[in-house]
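Reader: Could you take a close look at one part of this model for me, the nonpolar patch on its surface? I would enjoy a connected account with the cut-offs included.

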Amino acid sequence: MRLIADVILLLGAIFCFLGALGLIRMPDIYNRIQAGTKAATLGSIAIILGVGLLYPEWGTKLLCIIG
C-alpha cells in the first residue's frame, strides 16, 4: 500500500510542477489560466489521495478537503 501511495504522491507532484511550468510557458493569459487550474487541481487531488492511502484515519477529513 505504501508503494501505491508513493506513486500517487509522485504523480500529484508532477502534475503540480507541470501546472506551474504551464503558467510560465503558455503564450497568453487564457492558456495560462487553463494550464494552471487543470494541472493544479488534478495534482492536488492526487496528493490528497496519496496522503489518504498513507493515513487512512484521516479519510473523512481529506474527503471534506477534496469536496
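Author: Happy to; here is the patch, followed by its setting in the chain. This is a predicted model, where local features need pLDDT of at least 70, side-chain atom pairs count only at pLDDT 80 or more, and totals for chains, interfaces and linings use all residues. Residues are numbered from 1 along each chain as its sequence is written, and side-chain values use heavy atoms, leaving out hydrogens and water.

The nonpolar surface patch covers about 920 Å² and is made by L3, V7, L10, L11, I14, F15, F17, L18, L21 and L42. Patch members have over 30% relative accessible area and no salt bridge (a side-chain nitrogen of Lys or Arg within 4 Å of a carboxyl oxygen of Asp or Glu); nonpolar side chains (Val, Leu, Ile, Met, Phe, Trp, Tyr) are joined within 5 Å. Areas come from the Shrake-Rupley method with a 1.4 Å probe, and for residues only the protein chains shown count as cover.

Helix α1 (residues 2–25) gives the largest share of the patch, nine residues. Helices are DSSP runs of H or I with at least four residues, strands are E runs of at least two, and both are numbered from the N terminus. L21 sits in helix α1 and, at a relative accessible area of 36%, is partly exposed, a class between buried (under 20%) and exposed (over 50%).

As for the setting, the chain has three helices and zero strands. Buried residues are 18% of its 67 residues. The chain's accessible surface is about 4900 Å², with 74% belonging to carbon and sulfur atoms.

Methods: Patch = residues over 30% accessible without salt bridge, like charges linked within 9 Å, V, L, I, M, F, W, Y side chains within 5 Å. Buried < 20%, exposed > 50% of the residue type's maximum accessible area, 1.4 Å probe, protein only.
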